[in-house]
Amino acid sequence: MSVRTIDVRERVMEKNNELALQVRRRLEEHRVCAFNLVSSPGSGKTLLLERTLERLGDRIEMAVITGDVQTRNDAERLARYTDKLVHAVVTGGACHLDARQILTALDAIDLSRTDLVFIENVGNLICPAGWDLGEEAKVVLFSVTEGEDKPVKYPSMFQRAEYAVLNKIDLLPHLDFDVDQAIACAHEVNPNLRFFLTSALTGAGLDEWCTFIEAHVRDAVVA
Ligand code: MG
């Protein structure tokens, strides 16, 4: 008997891309920006979001979709800063959010009252790279405790991102970490990557980050 092989992964990705297109259309219809935050676990996505919501919450209407594999911890932290928070439960050993989950999450968000959606993806630098969520851009975070060569070790994620945040710069005096080398590694895989250097803990660099976010949202509304 002959063996028939079907590429299941290809079909699943195709379906995901269709749904991502639907997400993108819905966001565009309401002129809502969406950033997909990706990083390995512990780079500071949740704290960066908390600080961003805290600083810009009274000027921009922000919603957050957060994916967590085992707990509601991130959702509970972020819920203190926004009334538009959706916790996507990631089950079945999945290591990333998918476009269907975002589409479902958008049903729970009043998009007419929203300027920007932050998606906090599952902490993983490999799996989320290939999954389009219908976002406007991926923002890749890494921290100074992780090693300068992270971008060349996980090139796919850095290639697909438009923005990079190098976080925890408050720890630099205690570490042997070369910021220029880290940025050079990232630009080696993606020369167009725009960098932000931050410490979500101390607030260093957050003025520039928040100014960028606010200007980006204003431009989207005017466009
Ligand atoms: Mg988190």
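**Exercise 1.** At what angle do helix α1 and helix α4 pack, and how far apart are their axes?

*Solution.* A word on the model first: it's predicted, so local features need pLDDT of at least 70, side-chain atom pairs count only at pLDDT 80 or more, and totals for chains, interfaces and linings use all residues. Residues are numbered from 1 along each chain as its sequence is written, and side-chain values use heavy atoms, with hydrogens and water left out.

Step 1: find the helices, α1 at residues 8-29 and α4 at residues 99-107 (DSSP runs of H or I, at least four residues, numbered from the N terminus).

Step 2: read off the geometry. The angle is about 30° and the axes lie 8 Å apart (axes are lines fitted to C-alpha atoms over the stretch in contact; angles run from 0 to 180 degrees between N-to-C directions).

Step 3: classify it. That makes α1 roughly parallel to α4, since angles under 35 degrees count as roughly parallel.

Step 4: list who touches whom (contact means heavy atoms within 4.5 Å). From α1 come K15, N16, L19, A20, Q22, V23, R26 and L27; α4 brings A99, R100, I102, L103, L106 and D107.

**Exercise 2.** Place Q101: which residues does Q101 contact, leaving aside its neighbours within four places in sequence?

*Solution.* Step 1: locate Q101 in helix α4.

Step 2: with those neighbours set aside, Q101 is in contact with V89, V90 and H96.

Step 3: check the spacing to L19. The two C-alpha atoms are separated by 9.5 Å, though Q101 and L19 sit 82 residues apart along the chain.

Terms used: Helices (H or I, at least four residues) and strands (E, at least two) are DSSP runs, numbered from the N terminus. Angles under 35 degrees count as roughly parallel, over 145 as roughly antiparallel, 65 to 115 as roughly perpendicular and the rest as oblique.
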